[in-house]
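Me: I am new to this structure and would like to know what lies behind the terms people use for it. Could you take me through it with the reasons?

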Amino acid sequence: MIKVSLTVNGKKHEKETAPDTSLLDFLRSIGVKSVKKGCGKGECGACGVIMDGVYCKSCIVLAIQANGTEIKTVESLGNAQNPHPLQTSFVDEGAVQCGYCIPSMLLAAKNMLDKNPEPDEKEIRKSLDGNLCRCTGYVKQIAAVKKAAKIMRENKNDQ
Amino acid sequence: MNKKGLDQGKPRPDAKAKATGKALYVDDIKFPRMLHGYIFSSPLASAKLEKLDIAKAKAAPGIHTILTADNLPGSNRIGMIFDDEELLVSSRVRMSGDRLALIAAETQLQAKKAAELINLKLQETPGVYDCREALSPSAPQIHPEGNVFKEFNVRRGNLDETVLSSDIIIEEDYEIGGQEHAYLETQGTIAVPQADDSWHIYSTTQCPYYIRARVSRFLGITQNKVRVFQTVTGGAFGGKEDFPDEPALCATALAKATGRPVKVIYPRKYDMQSSTKRHSMKIKHKLFATKQGQIKGVKLDIDVDAGAYAGLSTVVAERANISSVGPYDIPNIQVKTKVIYTNNLYGGPYRGFGAPQVSAVHEAQIDKLARTVGKDRIEIRRINGMSAQKRKFASGEELAQPHLYQELLNKLEKISKWRTHLQPPSRGNLKEGIGIGTMIYGVNLHWGGQRLDRGAAYLVLLNDGSISLAVGVTDMGQGANAAMRTICAAALGISEDLIQISEVDTDKVPDSGPTVASRATMSGGRAVIDAVNRLKPKLDKIAAQMLDCEDPGQVECKDGIYQTKSNQTKTVSFEKVVEELYLRRINPAAIGWYRSEPRQYDPETGQGKAYAFYAFGGHVTRVQVDTDTGRVNVLETTAVHDVGKIINYQGIKGQVHGGTVQGLGWALMEEFKLNKGKMMNAGFSDYLIPTSMDMPEKLNMDFIEEPQPQGPFGAKGIGEPSFISVGASVISAVSHALNQDLKILPLTPQNIVESIRKND
Ligand code: FES
Ligand code: FES
């Protein structure tokens with residue numbers, strides 16, 4: 001057993017775990033349930049988190065590799081009372097069906113928008129390429145990211 | 001026409017929780033003292049179990065129990081329609097992934113490690129992995145009943161005379177592949193034994209009532225001792241119809257043995273390697289027509305590879321059988337459908353229920369007829385398709401809205417700009433093509449399953465005017481709950497915000513049958529309306545009195561405000577009326593019920609009334625094929641559906657988008673690599689499903705809204721129709737691009753390159 005300590009959405013967590021535990025399993029074991037497991041092999045993209053500012057699939061990162069890092073999950077974007085523009089547009093555009101892919105997809109989109117606030121359709125598609133969704137056909141998700149990008153730009157200009 | 005649907009333009013009720021990470025799926029739920037279950041399964045598909053020694057594994061750390069066929073605390077014989085399966089193999093393995101032992105441990109990892117200590121010896125036996133080979137008398141028999149365990153027929157008219165007098169005969173053999181559901185959330189259950197000997201089962205499922213029945217049978221207890229909670233379900237597409245019963249039984253067995261809650265979550269690989277699939281089918285189609293392109297008869301032989309266990313294959317085959325003639329009124333028909341055991345993974349329900357496979361075939365054949373007689377592919381469908389004059393479905397019944405097929409063709413032609421794409425550019429190895437696929441879909445369950453064609457809704461008016469609604473149909477991600485909320489709000493004339501609805505709890509509403517066959521809107525919606533109809537007269541009566549109006553028939557509720565039709569100045573709010581209902585102590589709750597009209601049908605001939613009613617649908621797809629690599633790039637799709645009435649505009653668009661892209665996956669990329677019945681590409685890096693980069697640039701869609709009197713507000717259903725004709729349109733488009741007839745799905749690069757080579 002080894003001790004892993006990290007910060008999740010600003011809150012510190014510390015726990016003993018087996019050395020081969022993935023970051024995904026570790027996060028879920030400390031009660032972070034918004035990070036989903038769809039494959040455990042880095043193939044589906046349901047388990048995305050932002051680790052020290054970099055989007056990654058938490059199932060193929062070892063918990064120990066994440067020791068001392070700062071993890072952000074979908075909760076860091078916003079909540080029901082105070083949602084992030086991405087969350088609002090996903091909800092309003094009908095981009096959410098079963099929802100299993102959504103938390104991670106939101107993070108992937110956020111990660112892209114942080115670097116590229118004005119993406120074209122191709123860039124949006126590309127940013128979601130690693131996030132499988134079996135329900136929606138991606139159409140509304142692409143539209144939602146486009147819409148959120150616009151809102152975020154406007155919000156910035158207002159400031 | 002109201003293009004916006006019946007809904008109030010609000011996001012679906014569950015979207016916010018899902019987008020903020022708050023929705024709890026089955027693996028997100030835990031109970032005190034909960035153990036983790038693990039399934040130890042067979043790597044071989046056909047074998048004799050010689051040794052299964054669990055002694056060492058049992059002694060491993062954290063292990064609470066290991067169950068085999070010898071110490072299973074429940075009945076080992078299981079099955080949906082035929083009891084041809086064992087929960088745990090006692091002696092003969094018939095399918096790769098067959099369960100051999102169940103392990104309960106403190107952690108998942110401990111269970112997995114213990115499984116490695118099981119001493120297993122299997123003696124491989126000869127298996128059969130092709131449904132046509134399984135027909136041979138010398139083929140290994142999978143079950144004592146023989147490999148063909150069910151046949152279905154359609155017989156209409158007289159094919160012999162047709163054969164003699166036909167100018168044109170087109171005979172082809174098609175090979176249509178299966179498909180993995182690939183729901184993003186894998187199968188899973190938690191079984192929680194209760195202090196009073198009853199059970200709570202939490203499951204990701206589209207059919208909680210199936211689970212209730214099978215768990216109670218397994219344990220030998222009455223159904224009122226089993227309460228199933230459907231958890232937020234991460235996609236299903238048919239894959240969570242009957243299959244979730246298996247994880248549920250595994251978790252229940254382990255919980256029974258240990259007396260503790262047990263969670264079983266399928267790892268992706270095992271999920272893919274053991275769960276049901278879309279059936280692969282081999283279909284011989286013979287078409288008889290005149291020189292003018294008038295179809296006089298069809299003869300089909302449909303061989304359905306059911307895999308090692310019957311599951312619901314007969315039900316799927318029944319739909320394939322009757323749908324195989326397509327949306328054409330053909331006077332002479334002979335269809336024989338065989339449902340065949342093999343040692344492959346077993347087939348099950350999957351969006352379209354056997355209809356996509358046969359649609360691909362009847363459409364490829366009519367395309368070929370068009371080419372043979374020199375007619376446009378849409379024109380040939382106009383001639384043979386249903387219309388005000390040609391009203392008869394394969395079952396011989398006259399349809400109520402056959403003319404909608406012609407409208408469908410018109411819309412498809414116009415929106416896709418069909419004519420402008422008929423002579424597409426071709427640059428070197430890049431060839432473009434356009435194709436069409438159409439279909440007819442019997443909404444709800446086939447005659448053979450009509451006993452299950454029912455639905456219930458429980459509606460309670462609370463004294464603050466809000467509403468608690470429970471419906472027996474499940475939301476598996478498709479948005480059924482949003483549709484139920486819309487229908488309830490529209491029937492009462494109130495805001496959707498007043499209605500609370502969530503996943504199914506089997507104790508709340510009576511068994512509503514399975515949520516399949518695109519029947520959620522129809523059967524759930526009708527039940528909701530029935531519940532409203534039981535309460536509304538009471539409310540109207542009170543409202544009339546409060547509005548000093550003598551005739552309750554003269555009041556109406558709109559946007560939550562009651563007024564009389566004549567005097568619109570006086571109003572009373574819906575909330576106030578409900579408050580008054582409570583003051584008068586009038587029953588504020590109602591159970592609504594729906595059942596389809598009983599139908600007559602002769603299974604020997606396939607003649608009679610097969611379904612409650614029908615919907616048409618079609619796709620036009622444009623592709624670019626690289627003849628060097630065989631890669632197909634989808635440029636554009638156009639979908640048109642006859643939906644009766646749009647309930648949720650956003651929801652229906654989502655279904656069409658999802659159905660189309662899933663259909664493109666099936667048609668172009670999703671292929672099983674089976675080695676002696678074992679799925680070798682079980683994982684998303686080898687079994688490829690569409691990503692955001694694979695979807696076409698443009699997905700057009702339109703709807704035909706001519707209300708169907710039996711549906712709620714005239715609605716039909718969209719879940720399955722959205723998928724069915726995609727494959728057909730892809731075959732049609734690729735065939736057009738390559739100027740050759742393709743007879744195989746999926747059209748993977750390899751299959752295309754091979755077809756081109758064969759054609760040269
Ligand atoms: S669970 Fe991590 S990529 Fe699938
Ligand atoms: S919404 Fe179901 S997988 Fe994306």
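Me: Leaving aside neighbours within four places in sequence, which residues is B:Ile201 in contact with?

Reply: Contact means heavy atoms within 4.5 Å. B:Ile201 is in contact with B:Thr189, B:Ile190, B:Ala191, B:Ile211, B:Val215, B:Val226, B:Arg227, B:Val228, B:Phe229, B:Ala248 and B:Thr252. A word on the background: this is a predicted model, where local features need pLDDT of at least 70, side-chain atom pairs count only at pLDDT 80 or more, and totals for chains, interfaces and linings use all residues. Residues are numbered from 1 along each chain as its sequence is written, chains are lettered from A and ligands numbered from 1 in the order in which they are written, and side-chain values use heavy atoms, without hydrogens and water.

Me: Why is B:His181 called buried?

Reply: Buried means under 20% relative accessible area, exposed over 50% and partly exposed in between (1.4 Å probe, protein chains only). B:His181 has 0% relative accessibility, so the residue counts as buried.

Me: What makes the approach of the B:His181 side chain to B:Gly239 a polar contact?

Reply: A polar contact is a pair of N or O atoms within 3.5 Å; within protein, one must be able to donate a hydrogen and the other to accept it, and residues adjacent in sequence count only if both atoms are side-chain atoms. The B:His181 side chain reaches the backbone nitrogen of B:Gly239 at 3.2 Å, and that side chain also reaches the backbone oxygen of B:Thr276 at 3.3 Å. Among the residues that B:His181 touches is A:Arg134, from the other chain.

Me: How do you know that A:Arg134 forms a salt bridge with B:Glu670?

Reply: The rule asks for a side-chain nitrogen of Lys or Arg within 4 Å of a carboxyl oxygen of Asp or Glu. Here the closest N and O atoms are 2.8 Å apart, and the pair counts as a salt bridge. Across the interface of chain A and chain B, the rule finds 4 salt bridges.

Me: What is the area buried between chain A and chain B?

Reply: Buried area is the accessible area (1.4 Å probe) that two parts lose on being put together, summed over both. For chain A and chain B this is about 3,900 Å², with carbon and sulfur atoms giving 58%. In chain A, A:Gln97, A:Arg125 and A:Arg134 lose the most area to chain B, together 21% of what that side buries. As for contacts, 42 residues of chain A meet 53 residues of chain B.
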